[in-house]
Amino acid sequence: MSTLAPLRLLREPWNASEGNQSNATAGAGGAWCQGLDIPNELFLTLGLVSLVENLLVVAAILKNRNLHSPMYYFICCLAVSDMLVSVSNLAETLFMLLMEHGVLVIRASIVRHMDNVIDMLICSSVVSSLSFLGVIAVDRYITIFYALRYHSIMTLQRAVVTMASVWLTSTVSSTVFITYYRNNAILLCLIGFFLFMLVLMLVLYIHMFALARHHVRNISSQQKQPTIYRTSSLKGAVTLTILLGVFFICWGPFFFHLILIVTCPTNPFCTCFFSYFNLFLILIICNSVVDPLIYAFRSQELRRTLREVVLCSW
């Protein structure tokens with residue numbers, strides 16, 4: 001298996017013929033355009049690690065009542081989104097390995113249906129991951145700028161409605177995407193959503209850090225210690241900024257790949273970029289591996305609960 005099937009539909013542009021792609025690749029850079037041959041074992045290993053890590057995060061949040069708050073519920077949903085990436089990767093890799101070794105024989109029609117289901121899983125995880133990162137950023141923004149009104153603004157009922165809306169929207173949009181994936185307008189909508197969420201989160205974080213800098217100056221001038229609540233909130237903003245940076249690094253190449261599919265499907269240099277699609281998939285899976293590590297190391301409460309979960313001290 002040369003590519004991960006959940007995103008295989010987008011590995012190469014469909015509006016360029018195979019002959020043109022081959023000629024463009026040959027003339028654009030020779031060996032540099034051959035891409036990377038990533039073994040199935042690497043996909044399988046990363047998928048297993050990500051699945052275990054995110055399961056631990058979900059278990060820790062469910063176990064500790066101190067983590068039963070809207071912010072951690074959103075983080076839990078983000079972990080579930082990461083698990084969707086892992087599950088789709090594991091399922092596809094295992095099926096392909098079994099089929100390649102003749103252990104499993106499946107009709108072509110069933111394989112196509114399986115591909116569609118896994119495609120929907122991976123697309124849903126993309127939309128939900130972006131959405132929950134945005135929701136968490138908004139939640140932190142409200143925590144910092146509307147601290148006294150936070151519990152009246154972000155009630156449990158509103159948090160549940162928000163989570164349900166994100167999952168419903170993700171499911172519907174992934175279904176539409178799989179049905180009309182050859183339409184450039186669908187790709188443009190996905191790219192536009194990605195850029196919108198990035199701009200939204202960047203604006204929120206810039207505003208939050210501007211406030212943090214202002215408070216640091218006031219504290220320095222007055223020689224006072226910051227309150228625990230304010231320090232905790234700003235630490236959460238730093239954590240989410242790291243998450244945003246990791247997400248951008250891991251998902252950016254894939255969305256740039258989509259942009260090139262729309263803008264220059266037959267350009268030789270774009271074709272060379274397409275040949276590294278396997279690398280983009282590895283980065284996507286790495287994002288779901290890194291996210292739980294950030295939660296564990298930057299949240300003392302979650303880190304302590306994770307330790308308890310690992311030691312099975314229920």
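**Entry 1: order of the elements**

I began at the N terminus and read off the elements, which run α-α-α-α-α-α-α-α-α-α-α. My tally for the chain is eleven helices and zero strands. I noted at once that this is a predicted model, and I kept that in mind for each entry below.

**Entry 2: the chain as a whole**

Next I looked up totals. The chain has 314 residues, and 48% of them count as buried. The area that the chain exposes comes to about 15,700 Å², and 67% of that is supplied by carbon and sulfur atoms. I also checked how contacts are spread along the sequence. Taking contacts with a separation of 6 or more, I found that 84% join residues 24 or more positions apart.

**Entry 3: α3 beside α6**

I turned to pairs of helices. How do α3 and α6 lie relative to each other? Helix α3 covers residues 70-100 and helix α6 covers residues 156-179. Their axes are 10 Å apart and make an angle of about 20°. Angles under 35 degrees count as roughly parallel, so α3 and α6 are roughly parallel to each other. The crossing of α3 with α6 is right-handed.

I then listed who meets whom. From α3 come Pro-70, Tyr-73, Phe-74, Cys-77, Val-80, Ser-81 and Leu-84, and from α6 come Leu-156, Ala-159, Thr-162, Met-163 and Trp-167. Sorted by class, this contact has ten nonpolar residues, two polar ones and no charged ones.

**Entry 4: α3 beside α4**

I stayed with α3 and looked at its packing with α4. Here the angle is about 160°, and the axes are 9 Å apart. Over 145 degrees counts as roughly antiparallel, so that is the term for α3 and α4. I wrote down a left-handed crossing for α3 and α4. The residues of this contact divide into 19 nonpolar, six polar and five charged.

**Entry 5: Leu-84 and Ser-125**

I picked Leu-84, in helix α3, to see what surrounds it. Leaving out residues up to four places away in sequence, Leu-84 touches Leu-121, Ser-124, Ser-125 and Trp-167. I also looked up a pair of C-alpha atoms: those of Leu-84 and Ser-288 are 9.4 Å apart, although 204 residues separate the two along the chain.

Ser-125 was my next stop, in helix α4, which spans residues 108-145. Is Ser-125 buried or exposed? Its relative accessibility is 0%, so Ser-125 counts as buried. With the sequence neighbours up to four places away set aside, Ser-125 touches Ser-81, Leu-84 and Val-85.

**Entry 6: Arg-140 and His-207**

Further along helix α4 I looked at Arg-140. I found a relative accessible area of 9% for Arg-140, so this residue is buried. The C-alpha atoms of Arg-140 and Met-208 are separated by 8.8 Å, with the two residues 68 positions apart along the chain.

His-207 sits in helix α7, residues 184-222. Which residues does His-207 touch, not counting residues up to four places away in sequence? I found Tyr-141 and Phe-145. From His-207 to Tyr-141 the C-alpha separation is 8.6 Å, and their positions lie 66 residues apart in the numbering. Unlike the buried Arg-140, His-207 counts as partly exposed, at 37% relative accessibility.

**Entry 7: Asn-287**

I went on to helix α10, residues 277-298, where Asn-287 lies. Its relative accessible area is 2%, so Asn-287 is buried. Apart from residues up to four places away in sequence, Asn-287 touches Asp-82, Val-246, Phe-247, Cys-250 and Trp-251.

**Entry 8: α2 and α11**

My last pair was helix α2 (residues 40-63) with helix α11 (residues 300-310). The angle between them is about 105°, and the axes lie 9 Å apart. The range from 65 to 115 degrees counts as roughly perpendicular, so α2 and α11 fall under that heading.

On the α2 side I listed Leu-56, Val-57, Ala-59, Ala-60, Ile-61 and Lys-63; they meet Leu-302, Thr-305, Leu-306, Glu-308, Val-309 and Val-310 of α11. This set is made up of nine nonpolar residues, one polar and two charged.

Note on methods:
Residues are numbered from 1 along each chain as its sequence is written. This is a predicted model: local features need pLDDT of at least 70, side-chain atom pairs count only at pLDDT 80 or more; totals for chains, interfaces and linings use all residues. Side-chain values use heavy atoms; hydrogens and water are left out. Helices (H or I, at least four residues) and strands (E, at least two) are DSSP runs, numbered from the N terminus. Buried means under 20% relative accessible area, exposed over 50%, partly exposed in between (1.4 Å probe, protein chains only). Contact means heavy atoms within 4.5 Å. Accessible areas come from the Shrake-Rupley method with a 1.4 Å probe; for residues, only the protein chains shown count as cover. Axes are lines fitted to C-alpha atoms, for helices over the stretch in contact, and angles run from 0 to 180 degrees between N-to-C directions. Ala, Val, Leu, Ile, Met, Phe, Trp, Tyr, Cys and Pro count as nonpolar, Asp, Glu, Lys and Arg as charged, and the others, Gly among them, as polar. A crossing is left-handed if the near helix is turned anticlockwise from the far one by less than a right angle, and right-handed if clockwise.
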